[in-house]
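The following exercises concern helix packing and the nonpolar core of a protein chain. Please examine the model before reading each solution.

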Amino acid sequence: AFEFSYSAGQVNWEFFIGKYGINKYLELLRNIPKTANYNENLKATIGKDREAFYQEAGEYLLKNWQRLSK
């Protein structure tokens, strides 16, 4: 059950850095103590909530999974 979650997490952060850049990733990390939770941190950093971000990242994850499953 947990084998895929680690790989999916890696692809999620690959997508984040590819789309928003390393500076936004570092800003996200710096915002951890400044925000109450992950959802607030995403909103403060990229202007999107967790659901919107995962929707974007999910499309990327699915395309990569399909490509690698061939």
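Three exercises with worked solutions follow; the model is predicted.

**Exercise 1.** Determine how helices α2 and α3 are oriented to each other.

Solution. Two packed helices are described by the angle between their axes and the distance between the axes. Helix α2 spans residues 22-30 and helix α3 spans residues 38-46. Their axes lie 9 Å apart, at an angle of about 140 degrees. Angles over 145 degrees count as roughly antiparallel and those of 65 to 115 as roughly perpendicular. The helices α2 and α3 are therefore oblique to each other. In this arrangement, α2 passes α3 in a right-handed crossing.

**Exercise 2.** Identify the residues through which α2 meets α3, and classify them.

Solution. From α2, the residues are Lys24, Glu27 and Leu28; from α3, they are Asn41, Leu42, Ala44 and Thr45. By class, the contact of α2 with α3 contains 3 nonpolar, 2 polar and 2 charged residues. Next, take Leu28: apart from neighbours within four places in sequence, Leu28 is in contact with Trp13, Phe16, Asn41, Leu42 and Thr45.

**Exercise 3.** List the residues of the largest nonpolar core, then establish whether Ile32 is buried or exposed.

Solution. The largest nonpolar core has 8 residues in all: Phe15, Phe16, Tyr20, Leu28, Leu42, Ile46, Phe53 and Ala57. At least two residues of this core come from each of α1 (3-20), α3 and α4 (50-68). The most are given by α1, with 3 residues. Ile32, in turn, is placed in the loop between α2 and α3. The relative accessible area of Ile32 is 52%; the cut-off for exposed is over 50%, so Ile32 is exposed. From Ile32 to Phe53, the C-alpha to C-alpha separation is 17 Å, and the two are 21 residues apart in sequence.

Conventions: Residues are numbered from 1 along each chain as its sequence is written. This is a predicted model: local features need pLDDT of at least 70, side-chain atom pairs count only at pLDDT 80 or more; totals for chains, interfaces and linings use all residues. Side-chain values use heavy atoms; hydrogens and water are left out. Axes are lines fitted to C-alpha atoms, for helices over the stretch in contact, and angles run from 0 to 180 degrees between N-to-C directions. Helices (H or I, at least four residues) and strands (E, at least two) are DSSP runs, numbered from the N terminus. Angles under 35 degrees count as roughly parallel, over 145 as roughly antiparallel, 65 to 115 as roughly perpendicular and the rest as oblique. A crossing is left-handed if the near helix is turned anticlockwise from the far one by less than a right angle, and right-handed if clockwise. Contact means heavy atoms within 4.5 Å. Ala, Val, Leu, Ile, Met, Phe, Trp, Tyr, Cys and Pro count as nonpolar, Asp, Glu, Lys and Arg as charged, and the others, Gly among them, as polar. Buried means under 20% relative accessible area, exposed over 50%, partly exposed in between (1.4 Å probe, protein chains only). A nonpolar core is a set of buried Ala, Val, Leu, Ile, Met, Phe, Trp, Tyr and Cys residues joined through side-chain atoms within 4.5 Å.
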